[in-house]
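User: I'd like to go through this chain with you piece by piece. Can we start with the loops and then work inward?

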Amino acid sequence: MNGDRTAIASARGAVVPVTASPELLDALARVMSPYIAMETADAPVTAPRVRVVDDAPRGEGWRRIALRSEYEPDRVLWVDDTRRHLALPRASGEWTLQQLLRSVRHLVRWQSYARGDLFLHGGLVRAAGTGIAFLGHKHSGKTSSVLSALLNGGADFVSNDDLVLTEDDDSPAALTGYGSPRTINIRTDVLLELARTAPALRDLLTQAGHPTNAFPGRHHTRDAIRSGEGTRLPGSVWVRCAELARVTGRPLVSEARVDVVVLPRFGSGDGGPAISRIGPEEALRALSEHVEGEATKYDPFLAAWYPHTDGERRTRLLRRLAARTPCYRLTQDMERLGEATSVLLRTVRTAGAAA
């Protein structure tokens with residue numbers, strides 16, 4: 001389209017030139033902040049590129065891909081594997097922005113993964129200057145722990161489900177964790193439980209702007225739930241990072257030092273929350289379960305664009321994390337998340353004072 005321009009999306013040495021309308025580039029910059037910056041600059045000719053188009057690209061080398069999901073419309077794009085170029089069709093409403101954001105985020109992540117940064121299935125907050133990483137499998141309580149830390153512990157938000165670790169140049173004893181502009185998927189039952197003490201969270205059920213929330217997908221059918229008043233609600237809500245910051249009143253930060261690792265789980269609430277520290281060998285085994293084997297499972301064709309990655313560096317970072325960072329197991333229940341957060345922060349402060 002006439003009037004399109006190119007800007008560079010960049011984060012920690014990863015660069016992605018993006019060609020789109022000025023309005024779309026401005027919107028992209030807002031939803032990526034503070035994790036990925038947009039600027040006008042030159043990029044290496046070998047950098048992977050993304051552009052928004054009105055019609056299918058012409059010329060050899062392009063192929064059409066349609067990726068399906070139970071929660072949203074098909075993700076359609078054209079791919080040139082040789083030049084590492086992506087072309088996205090202009091869609092209606094917010095979907096163009098959402099698909100463009102995903103493409104940029106995935107390409108930035110693959111560049112980080114290729115250089116050997118450590119990808120973990122977890123989130124990160126910073127509470128009173130202490131970086132606390134929450135790692136765990138699906139439904140272990142990671143998102144609940146992150147949200148409770150924001151609401152009950154006055155923490156700053158870094159990431160929820162896509163934590164990446166690298167060296168901290170200013171503090172050799174610690175690693176730095178950083179996030180990306182990935183939407184936070186919050187189960188509605190978790191949101192309603194937290195909203196009992198933080199009513200503003202209920203606004204996310206009607207005001208969260210991610211287009212998936214309005215799409216009649218599985219979250220509105222098979223996963224739907226009933227509120228206490230009998231209202232039919234989607235099983236989960238997709239929330240942008242800035243929206244989470246608004247309703248919790250806590251700032252977004254792009255990175256934080258990782259001072260503590262917590263492995264949460266839901267258990268019986270009979271005795272209240274329980275926390276216990278584990279040693280380096282057990283920590284290494286536990287942490288290894290949550291290492292991501294690729295930059296992202298989405299847009300799977302991108303794995304072929306980055307066949308060579310620094311796995312040895314990831315192993316070094318993992319061993320360093322297990323050996324030097326205190327690691328805890330936290331047992332909690334949904335009705336006493338605030339209490340669990342208090343126990344965790346008290347334990348962290350005590351351990352820090354004794355160190």
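User: Where does proline 34 lie?
Analyst: In this predicted model, proline 34 sits in the loop that runs between helix 1 (22-32) and strand 3 (37-39). The peptide bond that joins serine 33 to proline 34 is cis, with omega at about 5°.

User: And which loop holds arginine 84?
Analyst: Arginine 84 belongs to the loop between strand 6 (75-80) and strand 7 (85-89), and its phi is positive, about 60°, although the residue is not a glycine.

User: What about histidine 139, is it buried or exposed?
Analyst: Histidine 139 counts as exposed, because its relative accessibility is 51% and the cut-off for exposed is over 50%. It is found in the loop between strand 10 (130-135) and helix 3 (142-153), and its phi is also a positive value in a residue other than glycine, near 65°.

User: Moving on to helix 3, how many of its residues are buried?
Analyst: Nine of the twelve residues of helix 3 are buried, so the helix is mostly covered. The buried set includes Lys142 and Thr143 as well as Val146, Leu147 and Leu150. After helix 3 comes glycine 154, which has a positive phi near 60°.

User: Let's do the sheets. What is the strand order in the seven-stranded one?
Analyst: The order is 3-1-2-4-7-6-5 in an open sheet with mixed pairing. Strand 3 and strand 5 (62-67) are the edge strands, each of them pairing on one side only, and the twist from one strand to the next averages 25°.

User: How many bridges join strand 4 to strand 7?
Analyst: Five bridges join strand 4 (residues 49-53) to strand 7, and the two strands run parallel. Within that pairing, valine 50 has leucine 86 of strand 7 as its bridge partner.

User: Which strands does helix 2 lie across?
Analyst: Helix 2 lies across strand 1 (5-11), strand 2 (14-20), strand 4, strand 6 and strand 7, and it runs at about 160° to strand 2.

User: So which residues touch the most other members of the largest nonpolar core?
Analyst: Those are Leu100, Val104 and Phe157, in a core of 76 residues. Helix 2 (residues 95-114) gives the most to this core, with nine residues. Leaving out residues up to four places away in sequence, leucine 100 touches Val18, Ala20, Leu24, Leu28, Val50, Val52 and Leu88. Apart from this core lies another, of 23 residues, whose members include Leu165, Val253, Leu287 and Leu317.

User: Where does alanine 322 lie, and what is it in contact with?
Analyst: Alanine 322 lies in helix 8 (residues 311-324) and counts as buried, since its relative accessibility of 5% is under the 20% cut-off. Leaving aside neighbours within four places in sequence, alanine 322 is in contact with Pro280, Ala283, Leu284 and Leu287. For leucine 284, the C-alpha to C-alpha distance to alanine 322 is 5.1 Å, although the two are 38 residues apart in sequence.

User: Back to sheets for a second. What is the order in the four-stranded one?
Analyst: That open sheet has the order 8-12-13-18 with antiparallel pairing. Strand 8 (118-120) and strand 18 (255-258) stand at the edges with a single partner strand each, so one side of each is left without a neighbour in the sheet. Neighbouring strands there are turned by 30° against each other on average, direction ignored. Strand 8 pairs with strand 12 (residues 163-167) in the antiparallel sense over three bridges, and leucine 120 has leucine 163 in strand 12 as its bridge partner.

User: How many disulfides are there?
Analyst: A search of the whole structure finds zero disulfides. As for individual cysteines, cysteine 241 is buried, with a relative accessible area of 7%, and cysteine 327 is buried as well, at 2%.

User: Last one, the chain as a whole: how many helices and strands are there?
Analyst: The chain has nine helices and 21 strands. Its radius of gyration is 21 Å, close to the 20 Å that the globule rule gives for 355 residues, so the chain is as compact as a globular protein of that length. The C-alpha trace spans about 65 × 50 × 30 Å along its principal axes, and buried residues make up 52% of the 355 residues. Of the contacts between residues at least 6 apart in sequence, 73% join residues at least 24 apart.

How values were computed. Residues numbered from 1 in each chain as written. Predicted model: local features only at pLDDT ≥ 70, side-chain atom pairs only at ≥ 80, totals over all residues. Heavy atoms only, no water. Disulfide = S-S within 2.5 Å. Buried < 20%, exposed > 50% of the residue type's maximum accessible area, 1.4 Å probe, protein only. Pairing = 2+ DSSP bridges. Axes fitted to C-alpha atoms, helices over the stretch in contact; angles between N-to-C directions. Core = buried A, V, L, I, M, F, W, Y, C linked by side-chain atoms within 4.5 Å. Contact = heavy atoms within 4.5 Å. Rg over C-alpha atoms; globule rule 2.2 N^0.38 Å.
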